[in-house]
Number of protein chains: 2
Amino acid sequence: MGRRILEVDTCMELVVKSSARGRRSSTARTARNPEATKTQILDAAEEEFARYGLAGARTEPIAANTGVTKAMIHYYFGTKEELYQAVLKRQAALFHNAVEQIDVSDLSPEAALKKFLRLAVDYENTQPYHGKVLLHEAMTNEGKYFKLTGWEVPIGLGAAVLQRGVDEGCFRPLDPWLTMVHIMGVMSFYFNAANNLKQLEPLSDCQSPEAIENYADSAIAFVLAGVLKHSGPSHSMALE
Amino acid sequence: MGRRILEVDTCMELVVKSSARGRRSSTARTARNPEATKTQILDAAEEEFARYGLAGARTEPIAANTGVTKAMIHYYFGTKEELYQAVLKRQAALFHNAVEQIDVSDLSPEAALKKFLRLAVDYENTQPYHGKVLLHEAMTNEGKYFKLTGWEVPIGLGAAVLQRGVDEGCFRPLDPWLTMVHIMGVMSFYFNAANNLKQLEPLSDCQSPEAIENYADSAIAFVLAGVLKHSGPSHSMALE
DNA sequence: AGTCAAATTAACTTGTTAGTTAATTTAGTT
DNA sequence: AACTAAATTAACTAACAAGTTAATTTGACT
């Protein structure tokens with residue numbers, strides 16, 4: 001029924017998709033561009049997985065946000081699950097790269113921790129899907145692919161800084177790994193729960209840039225207070 | 001075909017389910033029991049929604065875990081989305097009840113906060129689906145039904161305790177609502193991310209009761225350190 | 001022991017979704 | 001300008017999932 005008309009419709013849709021919706025990336029794309037296509041698929045997939053997790057994600061909206069047919073997903077990435085793994089791997093590479101940038105070896109534990117915390121906030125803020133995909137991985141996928149993310153590296157670095165602070169006596173006695181978990185909780189919850197938090201009157205503005213900066217200051221102060229040794233009566237706990 | 005045999009099968013399944021799997025509740029259930037059926041549906045639905053969120057959840061596994069037909073879900077609760085709302089409402093009622101039990105009005109801010117933190121850990125531990133459903137609500141459902149949970153009450157109570165601590169000078173200057181968010185992050189992340197965390201060598205045992213008790217102590221100490229005033233006159237370290 | 005309404009089921013319908021396939025388009029090469 | 005292989009599409013299939021319905025079972029109350 002109406003084959004010619006269908007073709008015209010399709011043409012117009014394509015125009016709409018590549019101009020009005022403006023999904024197709026800035027990298028030159030006259031018509032075909034496999035690298036750009038793959039990137040767009042990963043971008044759209046990351047957003048979908050961040051919202052719904054592996055099980056809840058649908059491939060059709062991913063394709064729709066990409067301006068390319070659903071079959072392209074399978075052409076380049078195989079199954080939905082393999083696409084998911086590709087998203088995790090790309091996130092891991094990007095994150096690993098960001099962590100590598102910072103050198104903390106000749107900073108005091110306190111300064112080093114502050115640097116880490118700043119990176120953590122900025123990363124959550126600029127890469128809003130990273131943490132959400134990971135949380136879904138834990139909640140809906142039993143952490144099956146968590147190892148693909150290489151997170152043991154940054155957590156280990158953080159724990160080492162904490163341990164150094166304890167050893168040097170500027171941090172209170174604490175379990176460095178558990179404390180890293182507490183810190184990750186502080187650094188991620190605000191972003192992951194924002195859609196709930198914004199419905200609490202005092203936090204209704206929590207997604208504005210100013211509110212986020214305000215949160216960042218508050219969170220960093222909270223964590224520092226949580227690990228620094230309370231001054232006053234001197235603890236003679238040099239060694240444990 | 002084999003009506004009698006089918007009846008026998010069904011019977012046996014019921015027996016298996018009510019003893020071995022122990023789903024059918026303790027309230028007497030010879031054959032029909034609408035209240036027990038509704039409870040079982042809510043139980044199974046809560047588990048499914050906690051894992052997959054509203055969008056990702058399937059009604060068939062809910063029915064399968066219930067020992068009752070999928071049609072019963074619609075008979076008692078309507079659509080999947082209405083069932084989801086019913087789960088949220090039941091969680092809210094249970095949680096509200098738990099929060100009501102504690103009276104904090106004649107405790108010091110520090111003691112009051114400790115009491116809240118203990119309740120928070122215990123609740124996450126004994127009601128493992130509560131926090132996960134809420135997080136999914138934020139991440140996959142844009143917090144559409146968050147208000148059904150009545151969480152502004154306990155958060156407001158906590159913020160009031162923090163404000164009292166600031167006013168009385170035992171807590172450092174802090175934003176009580178943001179600090180409540182930090183605290184919620186600390187109190188929930190360990191449980192929500194456990195499936196990831198357990199794959200980190202030092203946390204491989206993180207789900208055992210001893211590990212959870214250990215985490216609880218560490219988390220409470222971290223939060224108290226995070227809010228208490230660092231300098232000043234001698235602390236009455238009643239803790240520990 | 002029979003009637004009635006609530007509880008429950010099996011089987012169905014209708015819409016979705018992951019993945020496939022065959023045909024078509026295009027860029028680069030000869 | 002014809003050839004080729006990669007890129008891309010439209011249309012399809014088979015499985016799944018939400019919700020419906022008509023029939024059946026059961027307990028309670030005559």
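Modeller: One term before we start: a polar contact is a pair of N or O atoms within 3.5 Å. Keep in mind, too, that what you're looking at is a predicted model.

Colleague: Okay, let's start at the DNA. How far is the side chain of Lys70(A) from a base oxygen of DNA strand C?

Modeller: Lys70(A) is among the closest of the 23 residues that surround DNA strand C, along with Arg32(A), Thr59(A), Lys80(A) and Thr69(B). Sugar and phosphate make up 57% of the strand's atoms that come within 4 Å of the protein. Lys70(A), though, has a side-chain N or O atom by a base oxygen, and the distance is 2.6 Å.

Colleague: And chain B? Which residue there has a side-chain N or O atom 3.4 Å from a phosphate oxygen of DNA strand C?

Modeller: Two residues of chain B come up when you look at the phosphate oxygens. Asn33(B) has a backbone N or O atom 3.3 Å from one, so that isn't the side chain you asked about. The side-chain atom at 3.4 Å belongs to Thr37(B).

Colleague: Which element gives the most residues to the surface near DNA strand C?

Modeller: The elements giving two or more residues are α3 (59-64) and α4 (70-77) in chain A, plus α2 (34-56) and α4 (70-77) in chain B. By type, the residues of that surface split into nine nonpolar, seven polar and seven charged. The top contributor, with four residues, is α4(B).

Colleague: Now to α8(A). Within what arc do its buried residues fall, seen down the axis?

Modeller: Helix α8 of chain A runs over residues 152-168 and reaches 24 Å from its first C-alpha to its last, close to what's expected at 1.5 Å a residue. Its buried residues include Pro154(A), Ile155(A), Val161(A) and Leu162(A). They line one face of the helix, because they fall within an arc of 155°.

Colleague: Which residues on the other side of α8(A) are exposed?

Modeller: The buried residues of α8(A) pack against α5 (80-101), α6 (109-126), α9 (176-192) and α11 (209-227) of chain A. On the other side of the helix, the exposed ones are Asp167(A) and Glu168(A).

Colleague: Over in chain B, is Asn196(B) buried or exposed?

Modeller: Asn196(B) sits in helix α10, residues 194-197. Setting aside neighbours within four places in sequence, Asn196(B) is in contact with residues of chain A: Leu134(A), Glu137(A), Ala138(A), Gly143(A) and Phe146(A). Its relative accessible area is 5%, and the cut-off is 20%, so Asn196(B) counts as buried.

Colleague: What does the side chain of Ser105(B) make a polar contact with?

Modeller: Ser105(B) is in the loop between α5 (80-101) and α6 (109-126) of chain B. It's exposed, with a relative accessible area of 57%. Its C-alpha is 9.0 Å from that of Val161(B), 56 residues away along the chain. At 2.9 Å, the partner in the polar contact is the side chain of Asp103(B).

Colleague: Last one: what is phi of Glu142(B) near?

Modeller: Glu142(B) lies in the loop between α7 (128-141) and α8 (152-168) of chain B, and with a relative accessible area of 48% Glu142(B) is partly exposed. In chain A, Glu142(A) lies in the loop between α7 and α8 and has a positive phi although it's not a glycine. Phi of Glu142(B) is positive too, near 55°.

Conventions. Residues are numbered from 1 along each chain as its sequence is written. Chains are lettered from A and ligands numbered from 1 in the order in which they are written. This is a predicted model: local features need pLDDT of at least 70, side-chain atom pairs count only at pLDDT 80 or more; totals for chains, interfaces and linings use all residues. Side-chain values use heavy atoms; hydrogens and water are left out. The expected span of a helix is 1.5 Å times one less than its number of residues. Buried means under 20% relative accessible area, exposed over 50%, partly exposed in between (1.4 Å probe, protein chains only). The arc is that of the directions from the helix axis to the C-beta atoms. Contact means heavy atoms within 4.5 Å. A residue is near a molecule or strand if one of its heavy atoms lies within 4 Å of it. A polar contact is a pair of N or O atoms within 3.5 Å; within protein, one must be able to donate a hydrogen and the other to accept it, and residues adjacent in sequence count only if both atoms are side-chain atoms. Ala, Val, Leu, Ile, Met, Phe, Trp, Tyr, Cys and Pro count as nonpolar, Asp, Glu, Lys and Arg as charged, and the others, Gly among them, as polar.
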